[in-house]
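Work through the exercises below with the sequence and the structure open beside you. Try each task on your own before you read the solution that follows it.

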Amino acid sequence: MKTQIVLNKTWCSILAYAVFLSSCTKNFSEANKDVNTVATVSSAELPFIFAKAEHSAVPDNDNYEISQHLFADHYAQYFACTATYFPSDRNVIRMDWIYSAFDPVYTNMVPQLQTIFSLTEPSSAEYAIANIVWVYGFHHVTDYWGPIPYFKAGIPGKSIPYDPQDQIYDDFFKKLDSSVTALKASSVVSYGNFDLIYGGDISKWIKLANTLRLRLAIRISNVDPDRAKTEAEAAYANGVFETSPDDDALMKKSLTGKDYNGLSNMTAWDEFRMSATMESVLKGYQDPRMPVYFSPAGASQENPNGTGEFEGLRNGLTTEQMVEAPNKAGALSNLGPRWTSPVYGGTEGFLETPQNVMCTAEAYFLRAEGAMLGWNMGGTAKDLYEAGIRNSMLQWGVTDESVITNYINSNNVPVAPNDYLNSPPVSDAPVKWSSDPAVQKVQLGIQKWLALFPDGYEAWADYRRGRAFVRYPVANSDNPDITNTSTQWIRRIPFLLSETQTNKEAVDAAVNLLNGPDKVTTPLWWDKN
């Protein structure tokens with residue numbers, strides 16, 4: 001793994017103002033010791049503080065690979081490993097890496113947001129948007145681990161308790177609801193250009209909050225259907241994303257201080273390529289997003305079309321299989337031009353490609369699923385499903401209406417990817433909406449998965465929650481807790497070793513909140529598959 005430690009010049013000015021409980025630590029308890037308090041912070045510094053918090057709510061360039069990519073992105077089967085030194089594709093979790101999905105939220109996001117909470121009124125737009133960022137950052141953490149330190153996060157103490165996931169979700173819904181209420185009563189642009197997503201546009205933040213609320217409502221639909229319905233209908237009534245790309249939430253990236261798009265920064269390392277699952281679906285559907293998401297195998301500056309073929313590989317190949325010619329990075333499809341350098345046939349500005357936060361297409365697929373459940377989502381499941389496809393196409397620059405319409409009405413199905421393992425088609429579900437409810441669930445699962453790309457965080461969470469679109473079994477498992485990859489899969493991340501060493505009392509108590517052992521095979525509260 002090629003890692004780089006960089007000092008982000010953009011954040012130097014922010015760090016001068018921001019309040020930190022700790023810097024650069026892998027120890028949650030230590031992070032809650034107030035050792036670097038700034039004497040005074042005024043409202044003038046709030047935009048700087050907010051920018052740091054917002055930036056820390058999503059994986060940045062320094063931790064993208066070891067927080068999201070090697071775990072959620074691969075578990076969602078967007079990509080597969082080509083590097084022999086990565087065991088994560090074979091169900092092995094490197095616990096000395098995965099802390100990067102945990103620590104930054106507590107050490108970088110939480111202190112900044114708590115400072116904002118202490119300096120603003122709960123009815124203010126600044127407080128409300130900070131609350132939305134809080135929920136966004138923490139929903140990734142709890143959906144990795146389940147119980148996490150939440151209600152006392154950022155409060156100094158020798159032992160920071162873990163809270164059950166159902167209580168955390170309850171607080172998410174309350175925060176999002178109160179935030180929307182506050183924002184609807186405000187007309188002031190909040191944080192201005194220091195807001196890296198919407199530039200302080202309150203109307204956009206209202207839609208983001210409601211769409212996030214809808215996402216979380218669908219997440220709990222199998223465990224608490226009544227609460228899910230209430231939250232989903234309230235989210236829709238208050239206004240969710242409607243139009244792509246206008247409503248899409250994207251995090252700005254910059255060459256300044258090497259604040260790169262983390263995914264773009266990895267594409268030259270030849271450590272991963274297109275998955276066979278992606279190849280089966282995109283090729284079979286003749287999907288116009290395929291050349292946007294991926295490049296032809298062997299693409300280069302001299303030959304941007306490479307072999308002219310898009311090639312993927314199965315997740316979980318052994319180290320011996322990986323060194324076979326068909327499984328080497330050069331024989332497979334790298335990411336598409338917006339994430340790759342000109343050396344790989346990409347674009348000059350690839351490192352500044354905005355980072356996906358949430359997209360409009362997801363809102364339509366969430367509403368489609370809600371409609372299938374009998375909820376008031378403002379349309380039929382079919383119409384909302386088709387609107388989800390249309391908005392995903394628009395998001396990725398496919399604007400020819402005839403192309404979009406032909407795709408929506410296509411009876412094409414996934415194909416055999418012609419990969420090293422001679423895998424069969426991953427599914428037989430067509431694009432065109434079926435009259436069979438069982439097939440509809442699969443179709444919705446596939447199209448939502450495609451639209452979420454490359455957000456592995458959400459795609460993996462949705463896979464565990466719904467399991468409507470079943471991917472290929474991981475070819476080989478090196479994890480002794482997963483002995484049958486057709487019936488077992490990674491369902492959560494075990495508690496961190498650093499936490500068991502420094503916050504042991506709380507972690508021991510947290511195991512009792514799991515309803516199972518602290519293993520990858522124990523489902524989370526909302527996972528009822």
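**Exercise 1. Find which residues of H3 are buried in this predicted model, and decide how H3 sits in the structure.**

Solution. Begin by going along H3, which covers residues 46-56, and ask of each residue whether its relative accessible area is under 20%, the cut-off for buried. The residues that pass are Leu46, Pro47, Phe48, Ile49, Phe50, Ala51, Lys52, Ala53, Glu54, His55 and Ser56. Since 11 of the 11 residues of H3 are buried, the helix is largely enclosed by the rest of the structure.

**Exercise 2. Describe how H3 packs against H5.**

Solution. Two packed helices are described by the angle between their axes and by the distance between those axes. For H3 and H5 (residues 103-119), the angle is about 145° and the axes are 8 Å apart. The next step is the handedness, and here H3 passes H5 in a left-handed crossing. On the H3 side the contact is formed by Leu46, Ile49, Phe50, Lys52, Ala53 and Ser56, while the H5 side includes Pro104, Val105, Met109 and Leu113. Sorting the residues of this contact by class gives 10 nonpolar, 4 polar and 1 charged.

**Exercise 3. Describe the packing of H6 and H18 in the same manner, and classify the angle.**

Solution. The axes of H6 (residues 125-145) and H18 (residues 456-466) come within 11 Å and cross at roughly 45°. Angles under 35 degrees count as roughly parallel and those from 65 to 115 as roughly perpendicular, and H6 and H18 are therefore oblique to each other. Their crossing is left-handed. His139, His140, Asp143 and Tyr144 of H6 meet Tyr457, Glu458, Trp460, Ala461 and Arg464 of H18, and by class these residues divide into 4 nonpolar, 2 polar and 3 charged.

**Exercise 4. Is Ser275 buried or exposed, and which residues does it touch?**

Solution. First place the residue: Ser275 lies in the loop between strand S3 (272-274) and helix H11 (276-284). Its relative accessibility is 0%, so Ser275 counts as buried. If neighbours within four places in sequence are left aside, the contacts of Ser275 are Gln77, Tyr78, Phe79, Ala80, Gly312, Leu313 and Asn315.

**Exercise 5. Locate the cis peptide bonds that lead into Pro245 and Pro454.**

Solution. Take Pro245 to begin with, which is joined to Ser244 by a cis peptide bond with omega of about 5°; Pro245 is in the loop between helix H9 (225-238) and strand S2 (249-251). Then turn to Pro454, where the bond from Phe453 is cis with omega near 5°; Pro454 belongs to the loop between helix H17 (437-452) and H18.

**Exercise 6. What are the phi values of Asn91 and Arg467, and where do these residues lie?**

Solution. Asn91 is not a glycine, yet its phi is positive, at about 75°. Asn91 is placed in the loop between strand S1 (79-81) and H5, and with a relative accessible area of 5% it is buried. Arg467, likewise not a glycine, has a positive phi of about 55°. The loop that holds Arg467 runs between H18 and helix H19 (497-502), and at 18% relative accessibility Arg467 counts as buried.

How values were computed:
Residues are numbered from 1 along each chain as its sequence is written. This is a predicted model: local features need pLDDT of at least 70, side-chain atom pairs count only at pLDDT 80 or more; totals for chains, interfaces and linings use all residues. Side-chain values use heavy atoms; hydrogens and water are left out. Axes are lines fitted to C-alpha atoms, for helices over the stretch in contact, and angles run from 0 to 180 degrees between N-to-C directions. Helices (H or I, at least four residues) and strands (E, at least two) are DSSP runs, numbered from the N terminus. A crossing is left-handed if the near helix is turned anticlockwise from the far one by less than a right angle, and right-handed if clockwise. Contact means heavy atoms within 4.5 Å. Ala, Val, Leu, Ile, Met, Phe, Trp, Tyr, Cys and Pro count as nonpolar, Asp, Glu, Lys and Arg as charged, and the others, Gly among them, as polar. Angles under 35 degrees count as roughly parallel, over 145 as roughly antiparallel, 65 to 115 as roughly perpendicular and the rest as oblique. Buried means under 20% relative accessible area, exposed over 50%, partly exposed in between (1.4 Å probe, protein chains only).
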